[in-house]
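Let's take a walk through some side-chain contacts. Keep the structure open as you read.

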Amino acid sequence: MAQLWGGRFTKETDRLVYDFNASISFDKRLYREDIEGSMAHARMLAAQGILTDEEREAIIDGLQGILDELEKGSLSIGSEYEDIHSFVEAVLTERIGEPGKKLHTGRSRNDQVALDMKMYTRKEIYKTDESVTELLHVILEVMEEHTDTYMPGFTHLQKAQPITLAHHMGAYFEMFKRDHERLRDIAGRMGTCPLGSGALAGTTYPLDREYTAELLGFDGPTLNSMDGVSDRDYLIEFLAALSMIMMHLSRFCEEVIIWNSNEYQFVDIDDAYSTGSSIMPQKKNPDIAELVRGKTGRVYGALQALLTTMKGIPLAYNKDMQEDKELAFDAMDTVKGCIRLFAGMLGTMKFREERMAASAKEGFTNATDAADYLVNHGVAFRDAHGIVGRLVLLCIERGIALDDLPLSEYKKISEVFEEDIYDAISLKTCVNKRVTQGAPGHGAMEKTIGIYREYLDGIGNGKKDKE
């Protein structure tokens, strides 16, 4: 059993205890961050005269060799090591000898793992943000194509008022735009480097923490060593942001599932993103949407688990914090996969425009506009509301839409109605007279799409600047 400690102990650790305590099975994915952090630490130790230049070069060359071999797959991380830190140090020392034993000078596994996890999480935030940005592009493309695709808008899952598919998609653009901004906001609070905090109280060695932070791309060092080793707020924030992303995806998926149903038939999901039934040959199931919806609970669980783990931990580091990784790694992988699959499904989905428009008519979504027509001809709104309610009831009894009711029937209930009522309650009129910013009218929608396009162009420039 490869351990970095043992001088204080006179007995071997029980195998079950060792396995329970070990984290190598999951923290091995931190190998790159651990090696990059160790390289920076070696450079700083040499700059401070704690290592010689020859020792620094031996350590860095050795670490680079380990990293290269891990990347190529010619070196594997064995389960005999307790964690990724003991693996890297043991292999390094085996290869370069005495200088390898000096690498850990002025450092604890507490600040080492805090650094590794923070660096890994920061990278994952940017990877997730790239996926969210790709999804925003797909949503905007659908919006640009469907500014005049009419459909019912819903409240309480009841058809309410006519809108366009672009308008409906715009609501999700807003959600994922907030997710993008939330991710960037979290990354902005991750600018401090915990390396050099030691176990909890710093170190007596003359470390240059500002230099180490600069080498690793941080703004500066953490200002309290106890918080430096025990802070997991950034990870909780990230898991909360991932949970929000999954909530938005799940809402979207729920609508796709409804739209795909036989009753609605608003969409045709591409064969590549759906499956059939083993017994019912007619079935085409929205499995990707259902799985994304189902995996939302999995991501929520990771957030709740870490919140519960952290809630009773006194300062500073405690072994409980080892539980910050497995579920978090799973959540990170799950969300990136869900976003990419959903974006692929949405980008290949066909929208049945005629069916969507017919559904808006059948659902009396233009009833409010019929009432507004009366109000504009001098009828009090409360009276207009009652008149249109009677018209709707008549249409329900006859199985027709308001658009199909003869003018003579309109006049039986109110003489105010004239031939122009049909233009007033057409889907095109109902939608396009809603011209306030944020509304579905064609002009308003084109303006919003322009804002969104400019927003995404700005994200692209920001990414280049970051790189």
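Is F252 buried or exposed? With a relative accessible area of 0%, F252 is buried. Bear in mind that this is a predicted model.

## Rings meeting rings

So who keeps F252 company? Its partner is F342, and the two make a tilted aromatic pair, with 4.8 Å from centre to centre and 50° between the planes. Look for F252 in helix 11 (residues 233-260) and for F342 in helix 13 (residues 326-348). Those spots are 90 residues apart in sequence, so the pair ties together separate parts of the chain. F342 is buried as well, at 0% relative accessibility.

Another ring pair to look up is Y410 with Y422. Their centres are 5.8 Å apart and their planes stand at 85°, so this one is edge-to-face. Y410 belongs to helix 17 (residues 407-413) and Y422 to helix 18 (residues 421-424), and the two residues are 12 apart. What about exposure? Y410 comes out as buried, at 0% relative accessibility, whereas Y422 is partly exposed with a relative accessible area of 21%.

## The wider ring picture

How many aromatic pairs does a search of the whole structure find? It turns up 11. Rings can also join up in a group: F154, W259, Y264 and F266 are linked into a cluster by ring pairs.

## Charges over rings

Some rings have a charged neighbour instead. Try R122, whose charged end sits over the ring of F218 at 4.2 Å from the ring's centre. Then swing over to K177, which lies over the face of Y455, 5.3 Å from the ring centre.

## Salt bridges across the chain

Now for contacts between opposite charges. The structure holds 33 salt bridges. One of them joins E144 and R453, whose closest N and O atoms are 3.1 Å apart. This pair links distant parts of the chain: E144 is in helix 7 (residues 109-145), R453 is in helix 20 (residues 442-466), and 309 residues separate them. E144 is partly exposed, with a relative accessible area of 36%, and R453 also counts as partly exposed, at 26% relative accessibility.

D271 and K284 form a salt bridge too, with 2.8 Å between the closest N and O atoms. Here you'll want to look at a loop: D271 and K284 both sit in the one between strand 5 (267-268) and helix 12 (287-310), 13 residues apart. D271 is exposed, with a relative accessible area of 59%, while K284 is partly exposed at 38%.

## A salt bridge within one helix

Which helix holds both D179 and R182? The two residues lie in helix 8 (residues 165-188), 3 residues apart, which is about one turn of the helix. Their side chains meet in a salt bridge, 2.8 Å from N to O.

The two partners differ in how much of them shows. D179 counts as buried at 1% relative accessibility, but R182 is partly exposed at 26%.

## A network to finish

Salt bridges can chain together as well. In this model, R29, E124, K127, D333 and K336 are linked in a network of them. Pick out these five residues in the viewer, then head back to F252 and F342, the tilted pair where the tour began.

Methods. Residues numbered from 1 in each chain as written. Predicted model: local features only at pLDDT ≥ 70, side-chain atom pairs only at ≥ 80, totals over all residues. Heavy atoms only, no water. Phe/Tyr/Trp six-rings, centres within 6.5 Å; stacked < 30°, edge-to-face > 60°. Helix = DSSP H or I, 4+ residues; strand = E, 2+ residues; numbered from the N terminus. Buried < 20%, exposed > 50% of the residue type's maximum accessible area, 1.4 Å probe, protein only. Lys NZ or Arg CZ within 6 Å of the ring centre and 35° of its normal. Salt bridge = Lys/Arg side-chain N within 4 Å of Asp/Glu carboxyl O.
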